[in-house]
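User: Could you walk me through how to read a few features of this model? I would like the general idea and then the case at hand.

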Amino acid sequence: MGSVRKRIAVIGGGIAGLAAAVRLRDVMPADTEIIVYEQGGALGGKLRTGELAGVPVERGAESFLNSGPDGGESPAVAFARRVGLGDALVHPAAQPAALAIGGELVRIPPGTLVGVPGDLSALDGVALPEDSADRDTGRPLLAPGEDIAVGELVRSRYGAQVVERLVDPMLGGVYAGRADRLSLRATMPQLARTAETEHTLRGAVRAAQALSKRTPGQPVFAAVDGGMSRLIGAAVAAAGARISLGLPVREIVRTGDRWRLTLGAVPDARTDEVDAVILAVPAKPAARLLSGVAPQAAAAIGELDYASVALVGMALPPGTPLPELSGFLVPPGEGTLVKAATFFTRKWPHLTGPDGPVIVRASLGRAGEQERLQLSDPELLENAHRELGELAGRKLPPAAESWIQRWGGGLPQYTPGHPDRVRAARAALPPGLALAGAALDGVGIPVCVASGERAADDVSSYLEEA
């Protein structure tokens, strides 16, 4: 690598960018300068902890998967350990979740894969499947590498009700999107893989479940005691990077074997020179920056759409009665603005005692419903409070404290063919430039961490060879 001190730019200060910075710190020589450019005023992206009646409550992602597909710890858990928070990991209480259907809260049937059942007899009247449609036609459900919408596959095999009442609310909870628009390979990669060999959807779901090496009794989710903002702070400390806040990177240009970054507003723009760049920003800004240096990569990811959501946090008086659940999901057909709710203090018992506030967090808005979020904060709050009471089956007392967090264009909507487009984008990148973040491989914290680490490894390999 030579003795010249290297400089690496990480554009985007969300969890993917910070994971990239921490990995660079681990794999690059100690004198490497790592600069994280975040155009906003704070690091952390969609990870942000707020406070409600003295309790830390997430204003973005509230937890991450505890284990990876291989049964080992997820990249997010490994990352939390790396930045010194291994002892701060907490797990939700063993409380069931429900679906709100026709004014009733019914428990989510067990044993589904993101809402797709492997055993139709376990649906318990939640949805009536078209049982006869899932017959063996003598060939696999999907051709090798083929990608279709989740809804198309499930509808053709189980009928509309399973899609609308089970799969839509589950996918809506994660992506704020609709099953008929979301890519099977991007959202359920294991099911896509088993669908290449299995002849029935039942068989494919069971085979995908068998591939997942989850240890029985092990918690599915984990969070950080004190909140996700603590994870962000620990990552910043571990990365030892120079942090640049509030200055957008407007352009990147290749100059010889280095990169020139143009920062800030046009009249007094300044430039910076680095040896490698990691782009960890959403698809549209990434495509804009790539258009001059990797037009094919820009075209491959530039069309990705995003859904807007709003989160509402409410602190209800101590002792407010709620159903014995961790929360519930709402199918789109119910017509409510609320698409999901978490009984936060019940789900996370470490947060408060019996005399503490009862905290409920609700998620509002779905892909294609942006206009429904265009109410004032007080109107959104009033709607959410009323709907939550109706969905929970009892009028809720007024909230002592509340807040609204809007995430405009916050959640990527992976349409069929997305993984192929991402592969094409990565293949079209010039050496010394790497991509990371939720625009690529998935929205969860573990996949964002893994994408940041992968980008850091790509860049460090390039610099070693350079």
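Analyst: Gladly! Two strands count as paired if DSSP finds at least two bridges between them. Please keep in mind that this is a predicted model.

User: How many bridges join β6 to β11, and in which sense do the strands run?

Analyst: Two bridges join β6 to β11 (residues 221-224), and the strands run antiparallel. One pair to look up is Val90, whose bridge partner in β11 is Ala223. Stepping back, β6 belongs to an open sheet of three strands, ordered β5-β11-β6, with antiparallel pairing. Its edge strands are β5 (64-65) and β6 (89-90), each of which pairs on one side only.

User: Where can I look at a hairpin?

Analyst: Try β3 (residues 49-52) and β4 (residues 55-58), which pair in the antiparallel sense over four bridges. Two residues lie between these strands in the hairpin, and Ala53 in the turn has a positive phi of about 50°. To follow the pairing itself, start from Glu51, whose bridge partner in β4 is Pro56.

User: Now a helix, please. Why does the end-to-end distance of α8 agree with its number of residues?

Analyst: The expected span is 1.5 Å times one less than the number of residues. Helix α8 (residues 228-239) has twelve residues, so it should span 16 Å, and its end C-alpha atoms are in agreement at 17 Å apart.

User: And which residues of α8 are buried?

Analyst: In α8 the buried residues are Met228, Leu231, Ile232, Ala234, Ala235, Ala238 and Ala239. They lie on the same side of α8, because they cover an arc of only 165° around the axis. Just after α8 comes Gly240, with a positive phi near 55°.

User: How should I read aromatic pairs?

Analyst: A pair of aromatic rings is described by the distance of the centres and the angle of the planes. This structure holds two such pairs. For Tyr175 and Tyr414, the ring centres are 6.0 Å apart and the planes are at 75°, so this pair is edge-to-face. It links distant parts of the chain, 239 residues apart: Tyr175 is in helix α4 (residues 160-175), and Tyr414 is in the loop between β21 (401-413) and α13 (418-427). Both Tyr175 and Tyr414 are buried.

User: What about the pair of Phe328 and Phe343?

Analyst: Here the ring centres of Phe328 and Phe343 are 5.9 Å apart with the planes at 75°, so this pair is edge-to-face. Phe328 sits in strand β18 (residues 327-329) and Phe343 in strand β19 (residues 338-343), 15 residues apart.

User: Are Phe328 and Phe343 buried or exposed?

Analyst: The cut-off for buried is under 20% relative accessible area. Phe328 has 2%, so Phe328 is buried. Phe343 has 3%, so Phe343 is buried.

User: Which charged end sits over the ring of Trp403?

Analyst: That is the charged end of Arg59, placed 4.3 Å from the centre of the Trp403 ring.

User: One last stop: what surrounds Gly409?

Analyst: Gly409 is in strand β21. Apart from neighbours within four places in sequence, Gly409 is in contact with Tyr306, Ala307 and Ser308. You can also compare sequence and space: Gly409 and Pro282 are 127 residues apart in sequence, while their C-alpha atoms are 9.3 Å apart. With a relative accessible area of 31%, Gly409 is partly exposed.

Conventions:
Residues numbered from 1 in each chain as written. Predicted model: local features only at pLDDT ≥ 70, side-chain atom pairs only at ≥ 80, totals over all residues. Heavy atoms only, no water. Buried < 20%, exposed > 50% of the residue type's maximum accessible area, 1.4 Å probe, protein only. Arc of directions from axis to C-beta. Phe/Tyr/Trp six-rings, centres within 6.5 Å; stacked < 30°, edge-to-face > 60°. Lys NZ or Arg CZ within 6 Å of the ring centre and 35° of its normal. Contact = heavy atoms within 4.5 Å.
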